[in-house]
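Here is a set of questions about why certain labels apply to one structure. Each answer sets a value against its cut-off.

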Amino acid sequence: MSSTVITNIATLVTNDPSLGDGSPLGLVRDAAVVIDGDHVAWTGESSKAPATDNRVDAGGRAVIPGFVDSHSHLVFAGDRTEEFNARMSGRAYSAGGIRTTVAATRAATDAELEANLTRYLAEALRQGTTTFETKSGYGLTVADEARALRIAAAHTDEVTYLGAHIVSPDHAGDPAAYVALVTGEMLDACAPHARWIDVFCEKGAFDGDQAREILTAGMAKGLLPRVHANQLSHGPGVQLAVELDAASADHCTHLTDADVDALANGNTVATLLPGAEFSTRAQWPDARRLLDAGVTVALSTDCNPGSSFTSSVPFCIALAVRDMGMTPDEAVWAATAGGARALRRDDVGRLSPGARADLAVLDAPSHVHLAYRPGVPLVTEVWRRGVRGPE
């Protein structure tokens with residue numbers, strides 16, 4: 001393995017408060033990063049960089065950790081253009097539209113599903129995403145859920161079993177029978193391919209008792225819990241997530257003071273997904289309320305064909321700053337270190353010694369430009385596991 005120094009970095013986001021300016025972002029000005037193999041070996045001021053085998057000039061650009069997208073739904077077929085068009089013309093969003101994607105996904109071949117997945121992964125990588133989680137949930141049969149997870153597991157370690165996305169159309173008249181399937185035969189088939197288990201705890205999907213049964217069954221099989229919680233209405237999802245020490249409660253739009261207190265006093269990350277509110281014209285999550293209470297917040301895309309068909313973390317950062325009360329620094333931290341926390345990872349989401357060498361170079365002197373210049377493709381270069389990507 002050879003070593004490389006990236007030098008002449010105007011602003012380096014390390015997410016290590018012991019470095020640079022001592023802020024949560026650990027900002028280093030006129031900085032350099034040394035990559036040795038697939039890991040970061042050194043970060044600091046350019047003038048103090050050690051000798052390396054190779055040298056790359058960042059040209060006065062900013063460098064940030066690669067984005068950690070901790071919530072996506074990328075194993076699917078088809079799209080829901082007509083539904084989106086109708087919604088933008090006045091129809092309300094509900095959980096029921098998922099059935100359209102279920103039908104298309106069941107009809108697709110393995111090759112078609114994988115081609116779709118890799119297309120969106122490449123799209124996300126070009127925009128700076130170097131770590132991603134993705135879920136099943138559009139098959140809702142034993143065979144279709146298991147194949148979705150097998151396909152996903154070929155591309156990421158962060159695979160989530162979401163048989164409990166909605167009650168399968170095949171069991172519409174008997175939700176209890178579907179919960180039994182999700183916690184029985186389907187779980188047995190899916191657990192070997194997943195790290196996580198998730199449930200959509202929401203009106204029109206699964207109530208608190210059903211969610212608890214599903215999550216505890218998965219935990220008994222060695223899967224770690226995360227929860228779709230409090231997206232469309234107040235509900236028990238956040239409290240259940242904290243009680244079960246779930247890695248994250250995702251959406252967190254409709255919260256009581258007790259929900260905020262529970263998150264602040266637990267280990268569960270509040271993962272906010274502004275692409276969903278943008279695409280459904282729903283109420284924005286109040287990130288400021290969470291941050292001021294001391295809650296750890298992550299930002300993710302929720303990339304899916306129904307309610308948030310974007311793979312762009314920079315877009316979500318801009319939305320979070322404009323409409324959710326986050327500062328640019330907080331939003332960038334949430335999309336990198338926050339996402340890593342939501343996946344209980346300490347090897348990604350930061351650029352300090354020992355971290356994986358995942359980074360994005362911005363065509364801007366500061367990370368603030370991600371919110372300052374919304375919609376502009378600022379990511380000009382991506383390094384993943386120490387390998388330099390397209391410019």
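Buried means under 20% relative accessible area, exposed means over 50%, and partly exposed is in between. The model is predicted.

Q: Which residues of helix H9 (residues 257-265) are buried?
A: Asp-259, Val-260, Ala-262 and Leu-263 are buried in H9.

Q: What makes these buried residues lie on the same side of H9?
A: Their arc around the axis is the reason. The buried residues cover only 160 degrees, so they sit on the same side of H9. Asp-257 and Asn-265, on the other side of H9, are exposed.

Q: What do the buried residues of H9 pack against?
A: Their partners are helix H8 (237-243), strand E12 (248-251), strand E13 (269-272) and helix H11 (287-292).

Q: Why is Ala-104 called partly exposed?
A: Ala-104 lies in helix H2 (residues 98-107). Its relative accessible area is 27%. Partly exposed runs between the cut-offs of 20% and 50%. Therefore Ala-104 is partly exposed.

Q: How far apart are Ala-104 and Ala-77 in sequence and in space?
A: They are 27 residues apart in sequence, and 5.4 Å apart in space, C-alpha to C-alpha. With neighbours within four places in sequence left aside, Ala-104 is in contact with Ala-77 and Gly-78.

Q: Why is helix H3 called oblique to helix H4?
A: The axes of H3 (residues 110-126) and H4 (residues 142-153) cross at roughly 45 degrees and come within 10 Å. Roughly parallel needs an angle under 35 degrees, and roughly perpendicular needs 65 to 115. The angle of H3 and H4 fits neither, so H3 is oblique to H4. Their crossing is right-handed.

Q: Which residues make the contact of H3 with H4?
A: H3 gives Asp-110, Leu-113, Glu-114 and Leu-117, while H4 gives Arg-147, Ile-151 and Ala-152. Four of the residues are nonpolar, none is polar and three are charged.

Q: What makes helix H12 oblique to helix H13?
A: H12 (residues 313-323) and H13 (residues 328-342) pack at about 140 degrees, with axes 9 Å apart. Roughly antiparallel needs an angle over 145 degrees, and roughly perpendicular covers 65 to 115. The angle of H12 and H13 fits neither, so H12 is oblique to H13. The crossing of H12 and H13 is right-handed.

Q: How many residues of the contact of H12 with H13 are nonpolar, polar and charged?
A: The contact is made by Val-313, Ile-317, Ala-320 and Val-321 of H12 with Pro-328, Ala-331, Val-332 and Ala-335 of H13. Eight are nonpolar, none is polar and none is charged.

Definitions and conventions:
Residues are numbered from 1 along each chain as its sequence is written. This is a predicted model: local features need pLDDT of at least 70, side-chain atom pairs count only at pLDDT 80 or more; totals for chains, interfaces and linings use all residues. Side-chain values use heavy atoms; hydrogens and water are left out. Axes are lines fitted to C-alpha atoms, for helices over the stretch in contact, and angles run from 0 to 180 degrees between N-to-C directions. Helices (H or I, at least four residues) and strands (E, at least two) are DSSP runs, numbered from the N terminus. A crossing is left-handed if the near helix is turned anticlockwise from the far one by less than a right angle, and right-handed if clockwise. Contact means heavy atoms within 4.5 Å. Ala, Val, Leu, Ile, Met, Phe, Trp, Tyr, Cys and Pro count as nonpolar, Asp, Glu, Lys and Arg as charged, and the others, Gly among them, as polar. Buried means under 20% relative accessible area, exposed over 50%, partly exposed in between (1.4 Å probe, protein chains only). The arc is that of the directions from the helix axis to the C-beta atoms.
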